[in-house]
Amino acid sequence: MAIDTLQKTAGTGHRRTERSPLRAARKAGGRMWVRLAVAVLLIIEVYPLIWMFLTSVKSNSDYLDNSTWSLPTTWEWGNYAEAWTTGNIGLYVKNSLLAVVPALALILLLGTAAGFALQIMVWKGRSLTLLVFLAGMMVPPQMILLPLFTIYFQTGLSGTLWPLVLTYTGTGLPLTVFMMATYYRTVPRELLEAATLDGAGILRAFWTISVPMVRNALLTVGLVQFFFIWNDLLIALTFTNSQDLRTVQVGLLNFSGDFGATQYGPLFAAICINVFGTLVIYLFLNQKVMKGLTSGAVKG
Amino acid sequence: MHRVLGDRRAITILLGPALLVYSLIMLVPMVWSLGYSFTEGNSIEGFTGNGLDNFSRLLDDPAVHDALWFTLKYAVVVTAGQVVAGYLLALLYVFFLKKASAPVRTLAFFPVVLPTVAVGLLFQKLFQVAPQPGPVNSLLNAFGFESVDFFGSAGSAFWVLIIMDIWRSMGFYAVLLFAGLVDIPDEVLESARLDGASGPRLIRHIVLPLSMPVLMSSLIFSINGTLKVFDSVVALTNGGPGNGTTPLTLYMFQSSFTYSEYGYGSTIALLLTVVCLLVSLAVYRVSRRDNTES
């Protein structure tokens, strides 16, 4: 190992001497600039998050009296418990999950079936139907909020989480249908036709053959939609008319007000809890998340 | 042979539910909202027609002018900032970090997935003055400058908003543009280098023209998203001070839900939709022309 590195450094040293010293110096200088740029970038991207975490375990007086750069004098993990129970973040997380999970399941199920019907099945008017779905990506959600409010009010759905589930499903479908139709381009029609020769219907072939073939795509699209719905504020703010229905984002927005005097530690703890969920997913699936979100962008 | 794939019953079963939900939640409300523009009232008190009153009010309302101007200003500045910062990062990834860029790419992308509300509250505290100067102000103090009350005036609040949104999204555009830069064939770069092009000249004359398509699609995506800005503003400034940082989306929300004027809210939503369509159309036409020229 040691010999190996020695030889390597000797090797590079040898090559350097062959070049003009000026060029080598410039190259080394360039490398330093790159390092500096990367270091600055990382500080800018990461430091706010570290500061946020450190502040979340400070007591109120520690936050107010000491420099904002200092480490916590005592580590107040109780801030998290306080945010979770007194600050109601626990309830809000539960509400978010109750809205996000059913909406996500519906989006994936309906979107995959529609993508299959639009890409694999052969019929007149399918490109027009796809265009109709695409139109939904262009129109701002403000255009549908007020009529939906009336519909939910008239049907008595206000006061439950159903408005959220339904609205998330409706607004999530355009991108999902489009992405799934794109993924189905890679599945050969012949394969599904051959499967139906054995007597299974096309619906069965859709479920048992095509869905497993696009399961990677399902994970990618599911992740993209999860982040959109979990992080949504506009729709949640419109349809949660009581405190008991608030999602994490709405709850966090009203956090300081509900507490009376601002409690900085619990506030930052609440922000950390909110960030933590996305952090864990990103930690394990970052490559898929990056691929999914950017591919959703190119098409949108 | 295509008989099984043309099975009408199967198509209905597969497409029907998605089309039904999409129509009920999106298509029908869009048309309905159009109808609201000619009424006043709300869903609790009922609606009465008022002809074109909402439209004439829209034209004369100084708050609408301010909100429209803010929306356009925000969209242009953030789009430019996002795409330029993302492009610089992408160049850094491709030409300087090369194979080692993966961890930096992953880390710089992370803020994209953070909830906007959390980021907004975080930046509020990063830039705050009282009761305790946040990191930005204490950094200013350390260099001997006075603390700045960033959220005290619309001008400085606007720039904090811009910085926050560029911070949030530059890693995203970097990855998007990185994918375009990686697609440039090595032979093209190599032959350009042999012809004596290097550094800035290589980037200006070879790399930039070749990455035009992906730059254009980033631009379209960015402008389309930034025109609809809502979460960032609500979480960071809530439109304040006064209505100094209120975009159309927020003004529509306030008209509708704070003042219960659904008719007027729908008219503002319609204005927003028209602006989005016009801008997308304009950018699309410009990008098409560029592509045919080159």
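**Exercise 1. In this predicted model, find how strand β1 (residues 39-42) and strand β2 (residues 46-49) of chain B are paired.**

Solution. Start with the direction: the two strands of chain B run antiparallel, and 4 bridges join them. Next, look at the connection, where a hairpin of 3 residues leads from β1(B) to β2(B). Finally, pick one pair to check the register: Gly41(B) stands opposite Phe47(B).

**Exercise 2. Work out how helix α5 (residues 89-119) and helix α8 (residues 162-184) of chain A pack.**

Solution. First take the geometry: the axes are 7 Å apart and the angle is about 35°. Then add the handedness, as α5(A) passes α8(A) in a right-handed crossing. Last, sort the contact residues by class, which gives 17 nonpolar, 7 polar and no charged.

**Exercise 3. Is Asn88(A) buried or exposed, and where does Asn88(A) lie?**

Solution. Begin with the backbone: phi of Asn88(A) is near 65°, positive although the residue is not glycine. Now place Asn88(A) in the loop between α4 (78-85) and α5 of chain A. Then count neighbours: 21 other C-beta atoms lie within 10 Å, so Asn88(A) is buried, the cut-off being 20 or more.

**Exercise 4. Repeat the analysis for Ser260(B).**

Solution. Phi is about 55° in Ser260(B), again a positive value outside glycine. Ser260(B) sits in the loop between α12 (248-258) and α13 (262-293) of chain B. With 14 other C-beta atoms within 10 Å, Ser260(B) is partly exposed.

**Exercise 5. Describe the side of chain A that touches chain B.**

Solution. Count first: 75 residues of chain A are in contact with 73 residues of chain B. Helix α15 (residues 264-299) of chain A gives the largest share of chain A's side, 12 residues. By class, that side has 54 nonpolar, 18 polar and 3 charged residues.

Methods. Residues are numbered from 1 along each chain as its sequence is written. Chains are lettered from A and ligands numbered from 1 in the order in which they are written. This is a predicted model: local features need pLDDT of at least 70, side-chain atom pairs count only at pLDDT 80 or more; totals for chains, interfaces and linings use all residues. Axes are lines fitted to C-alpha atoms, for helices over the stretch in contact, and angles run from 0 to 180 degrees between N-to-C directions. A crossing is left-handed if the near helix is turned anticlockwise from the far one by less than a right angle, and right-handed if clockwise. Ala, Val, Leu, Ile, Met, Phe, Trp, Tyr, Cys and Pro count as nonpolar, Asp, Glu, Lys and Arg as charged, and the others, Gly among them, as polar. Two residues are in contact if their C-beta atoms, placed from the backbone, lie within 7 Å. Two strands pair if DSSP finds at least two bridges between them. A residue is buried if 20 or more other C-beta atoms lie within 10 Å of its own, exposed if 12 or fewer, and partly exposed in between; C-beta atoms are placed from the backbone.
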